[in-house]
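Colleague: I would like to go through this model with you, one question at a time. Please give the reasoning before each result.

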Amino acid sequence: MQEDVTNSERIIFMIYVGIDVASNKHDVCIMSEEGKIFGKIFQIQNSQDEYKKLLNKIKEAKKLFNDSIVRIGIESTGVYSSAIVNYFSNCDAIEVIYINPILTNMFQHSELVHYAKTDKIDAEGICNFLQQKKKKLYTYTPPSYHIQEAKSLGRELNNINKSLNRQINHLTSLLHVVFPEFFQLFPKIKGKVCLSLLETFPTPKDYLNKRASTIFNIGYKAAKGHFSQYQADTLLNLAKHSIGCYSTSDAIIIKQLTQLIKLLTEQKIELIKRMTALVKEHCPILLSVPGIGGNIACTLYGEIGDISNFHNADALVAFSGVNPLVYESGKFKAKNTIISKKGSAYLRNALIQASRIIARVDPTFRNYFDKKKAEGKCYNSCINHVAKKLVRVLHHLLKNNCDYKIVNN
């Protein structure tokens, strides 16, 4: 009986390794269950040889502390922590805990009023955090290849969309000075016709001494027939009487901006094709939900990852950051609260995009949106509520591996 008790007790004893991650080097602290630091806090470089050096140090600590369970704590610091997390999560007999740095920072401040911040202190603080919260932490599981690919594609598409919007806004503001009459025919800068005309004739001066038939041929070819002779005549007349002011440099900038917008648009189309194919093959369930196309579904698939990492729908709601912040104090209870916006911003943006569509096309979500609207909530608040409901639906679908079914009320 005594042996059984001893073995049961040994299960909770661990060796804690706190790693404060930086771009080129990492500070490491190794600590026993009793809080004894092994040797000194040291540094390793961001290389495979240095990682092996840390493994040797861990072996020495295991012999000294006479324990075989190792738990490594690493803060989630974006790209800097990716390599080291993937390396040690694939090592045998090592548990990797991927920690939100907000939690360790709050823990450090709760332990010491006058908290000094250095890399060595942070490494030791991670060990203390692992020790105090050991029953509430979950071992990190590396995502599958396809989930990682979906995540990368979704974030790259987000970057391209931001860049595309920035270039379009730049071109729009420039055209308001150079050729403001252009917006009478094309209210928004989008489409192949608009870009082709701007690339060929960037300023009103470039239309002078040009025949309407020349303009028509360029527009007709770009629009594949959806460009009329009337539009060509109108554009030529607007250019002749334009009040725009411009220089040679403006023409160069407009040409370069149109070329860049075309390139980004082509890259966006290529990414969406790959994203749609990937999600159709590996997570077609998401495509069964109204309002979720290939690009949004792929982003959701990559950001959510393995649904088993979320023990209930509330955990996924919190991770997406669409949960409302509750504020109560004494008799005061806030009526209007904002969403937390914690967790993955990419996941939250994809949910908001999907919610705006599903609130229009699906009867259940439309009724829910109307209910919140009737309660006096603004449009964005109603969409946030729809997003929260959508997260719960997605959690159910992914957990039970079933398609979404539209219920007609």
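Colleague: How far apart do the centres of the positive and negative side chains lie in the protein chain?
Modeller: This is a predicted model, and the value is computed from it. The protein chain carries 54 positive and 36 negative side chains. The centres of these two sets are separated by 9 Å.

Colleague: What radius of gyration does the protein chain have, set against a compact globule of 409 residues?
Modeller: Along the principal axes, the C-alpha atoms fill a box of roughly 100 × 55 × 50 Å. For a compact globule of 409 residues the radius of gyration would be near 22 Å. The protein chain, in contrast, has 29 Å.

Colleague: What share of the exposed area comes from carbon and sulfur atoms?
Modeller: Of the 409 residues, 43% count as buried. The area that the protein chain exposes is about 23100 Å². Carbon and sulfur atoms supply 52% of it.

Colleague: Among contacts between residues at least 6 apart in sequence, what percentage join residues at least 24 apart?
Modeller: The protein chain has 16 helices and seven strands. Taking its contacts between residues at least 6 apart in sequence, the share that joins residues at least 24 apart is 63%.

Colleague: How many residues are in the largest nonpolar core, and how many in the second?
Modeller: In the largest nonpolar core, the residues with the most contacts inside it are L175, F179, F182, I189, L197, Y207 and L300. That core has 78 residues. The second core is separate and includes V28, I58, I84 and V85; its number of residues is 25.

Colleague: Is L175 buried or exposed?
Modeller: L175 belongs to helix α6. Leaving out residues up to four places away in sequence, L175 touches P180, F182, F183, I189, L198 and I254. Its relative accessibility is 0%, so L175 counts as buried.

Colleague: And Y145, buried or exposed?
Modeller: Y145 is also found in helix α6, which covers residues 145–178. From Y145 to V391 the C-alpha distance is 24 Å, with their positions 246 residues apart in sequence. The cut-off for exposed is over 50% relative accessible area. Y145 has 62% relative accessibility and therefore counts as exposed.

Colleague: Y207 lies in a loop. Is Y207 buried or exposed?
Modeller: The loop that holds Y207 runs between α8 and α9. Outside its neighbours within four places in sequence, Y207 is in contact with F179, F182, L197, F201, I215, L235, L236 and A239. F179 in turn has contacts with P204, Y207, L235, L238, A239 and S242, on the basis that neighbours within four places are left aside. At 1% relative accessibility, Y207 counts as buried.

Colleague: What is phi of N209, and is N209 buried or exposed?
Modeller: N209 is in the loop between α8 (192–200) and α9 (212–223). Its phi is near 65°, a positive value in a residue other than glycine. With 83% relative accessibility, N209 counts as exposed.

Colleague: What is phi of N401?
Modeller: N401 sits in the segment after α16 (379–400). N401 counts as exposed because its relative accessibility is 62%. The residue is not glycine, yet phi is positive, near 55°.

Technical notes. Residues are numbered from 1 along each chain as its sequence is written. This is a predicted model: local features need pLDDT of at least 70, side-chain atom pairs count only at pLDDT 80 or more; totals for chains, interfaces and linings use all residues. Side-chain values use heavy atoms; hydrogens and water are left out. A nonpolar core is a set of buried Ala, Val, Leu, Ile, Met, Phe, Trp, Tyr and Cys residues joined through side-chain atoms within 4.5 Å. Buried means under 20% relative accessible area, exposed over 50%, partly exposed in between (1.4 Å probe, protein chains only). Contact means heavy atoms within 4.5 Å. Helices (H or I, at least four residues) and strands (E, at least two) are DSSP runs, numbered from the N terminus. The radius of gyration is taken over C-alpha atoms; the globule rule is 2.2 Å times the number of residues to the power 0.38. Accessible areas come from the Shrake-Rupley method with a 1.4 Å probe; for residues, only the protein chains shown count as cover. Lys and Arg count as positive and Asp and Glu as negative; His and the chain ends are not counted. The place of a charge is taken as NZ of Lys, CZ of Arg, CG of Asp or CD of Glu.
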